[in-house]
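Open the model in your viewer and set it to cartoon. The stops below go from the inside outwards, one selection at a time.

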Amino acid sequence: MKNLRRILVLVLLVAVLASAFGMQAFAAGARNPEAYLPYSPYAAYGDEYRNCYVSFGDSISAGYDRYENRECIGYMPTPATSYPSIVADTLHCWHYPASFIGYRTTELALSLGIPVENPDLYHTTGYAWMYEEDGLCHYWDGSEAVPTPISFGVAYASLMTINVGNNDVLTAPLSLAAGDVLEAAENYQENQDAIAAAIESGELCEALASMYQLMNQLGYYKEYIPAVLARMEAGFEQIKVNMPKIIAQLRSVNTTGQIAILGMYNPYAEMTLTDSGLIKIGKMGQIVCDRVNAYYKELCEETGCVYVDVTDTESYADLNPGTVLHGLGEDAHPTHKGHAYMAKQILDAIPVILPYADVAEEAWYRDSVDYCYRNTLMLGTEPDNFAPDEYMSRAMVATVLWRLAGSP
């Protein structure tokens, strides 16, 4: 029977084969903003309030990279090539950026008005103006009549993404461990300032090289590595304390908006500290990333958030792998291709709420309908009716193929 359900399979097969054989004439259709709107808490108030996206995170979501976007320090419009901008443009929504260089879960919690015991800020950020003397962020608290920017954005958000953890377990331990080991060392402050500047710029690889060289010069190498490991473990424990509080705070303001938590990727998987390759710092980092990602997956299952796997993100470090000390590794931030991949992972991970009454949850073809609706390939015969048993006309087939090709 030539019904729509079987044609769906054919359409998807064409898309898969086109992708497999590199046929660039075919591509997924344009994303359908309507597929993501049901999460908006104010969708009934009209188009102006139907779709808002808030991106929380560190320098990655701020769009920083040392080559083209060195000025993207946070709390400002993100570059067009960054994943938050791609997501916002795809969904045709208002974007509220709330990401800052150097942010850990600790700083994110503070910026959401969550008290943090002994915050242990690991470097002087440029965001001290955000906080009151009590350490809480006055950008969160506000009256209903005059909401503050962060709480206002969260209240209207149909989507919130959280991309933190890298600085908790990878970057901050470099500086904090040095403070643990070198408090009595000569010229400590001079070296610490230089290293802090490198860390603040987001250049983890160069910062690690500076730390390694400093430890060798001062004879503290043996003490430093265990101190870094201890700080990494402490950072992981702090993630487990802060993240549930962060999610709870967002949910206290917005009960329907989708919250997506991005995992970590390891830009230095093959990196070593020495030419001999004996000290595989990249492998150690992979273990840390895997632990954080496993925790984020578990947390998402417990809280109803969406976990986004970004382990295959391309970074500038991937383009020029090597040791830290020889041919200093590239920037760990995503390339344009990496950002595009992260945006796709986010959009693919968010569940779609189908509006069709005639497509049952358990229908064998539901995933195909989901794909067609998500990518604006087929939108049904009526707003709430997909008509999966109807015959498909040649004009409908032509329309789907045209949309698959990117609507040229």
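Select strand S3 to begin. How many of its residues are buried? In this predicted model, 5 of the 5 are, so S3 is largely enclosed by the rest of the structure. Show its side chains. Leu 159, Thr 161 and Asn 163 lie on one side and are buried. Met 160 and Ile 162 lie on the other, and they are buried as well. Both faces of the strand are thus covered.

**The partners of S3**

Add strand S1, residues 52–57. S1 and S3 run parallel and are joined by 5 bridges. For a pair to click on, take Val 54 and its bridge partner in S3, Met 160. Now add S4, residues 258–262. S3 pairs with S4 over 4 bridges, again in the parallel sense. Ile 162 is the residue to pick here: Ile 261 of S4 stands opposite.

**The whole sheet**

Extend the selection to the full sheet. In what order do the strands come? The order reads S2-S1-S3-S4-S5, in an open sheet of 5 strands with parallel pairing. S2 (94–99) and S5 (306–308) are the edge strands, each pairing on one side only. Look along the sheet: on average, neighbouring strands are turned by 20° against each other, direction ignored.

Go to the S2 edge. S2 pairs with S1 in the parallel sense, over 6 bridges. Select Phe 56 and find its bridge partner in S2, Ala 98.

**Two helices across the strands**

Select residues 149–156, helix H5. Which strands does H5 lie across? They are S1, S2 and S3, and the helix runs at about 125° to S1. Next, select residues 336–349, helix H12. H12 lies across S3, S4 and S5. Its angle to S5 is about 155°.

**Helix H3**

Move to residues 83–91, helix H3. Show the buried residues: Tyr 83, Pro 84, Ser 85, Val 87, Ala 88 and Leu 91. What do they pack against? In the sheet, their partners include S1, S2, S3 and S4. Helices H2 (59–62) and H12 are among the partners too. Step one residue past the helix. H3 is followed by His 92, with a positive phi near 55°.

**Thr 105**

Select Thr 105 in helix H4, which spans residues 105–111. Is Thr 105 buried or exposed? Its relative accessible area is 0%, under the 20% cut-off, so Thr 105 is buried. Show its surroundings. Leaving aside neighbours within four places in sequence, Thr 105 is in contact with Val 164, Asp 168, Gln 238, Ile 239, Asn 242, Met 243, Ile 246 and Tyr 296. One of these, Asn 242, deserves a click. The side chains of Thr 105 and Asn 242 are joined by a polar contact of 3.0 Å.

**Zoom out**

Finish with the entire chain. It comes to 14 helices and 5 strands. Of its 408 residues, 52% are buried. Switch on the surface. The chain exposes about 18700 Å², and carbon and sulfur atoms supply 55% of that area. Last, consider the contacts with a separation of 6 or more: residues 24 or more positions apart account for 73% of them.

Technical notes:
Residues are numbered from 1 along each chain as its sequence is written. This is a predicted model: local features need pLDDT of at least 70, side-chain atom pairs count only at pLDDT 80 or more; totals for chains, interfaces and linings use all residues. Side-chain values use heavy atoms; hydrogens and water are left out. Two strands pair if DSSP finds at least two bridges between them. Axes are lines fitted to C-alpha atoms, for helices over the stretch in contact, and angles run from 0 to 180 degrees between N-to-C directions. Contact means heavy atoms within 4.5 Å. Buried means under 20% relative accessible area, exposed over 50%, partly exposed in between (1.4 Å probe, protein chains only). Accessible areas come from the Shrake-Rupley method with a 1.4 Å probe; for residues, only the protein chains shown count as cover. A polar contact is a pair of N or O atoms within 3.5 Å; within protein, one must be able to donate a hydrogen and the other to accept it, and residues adjacent in sequence count only if both atoms are side-chain atoms.
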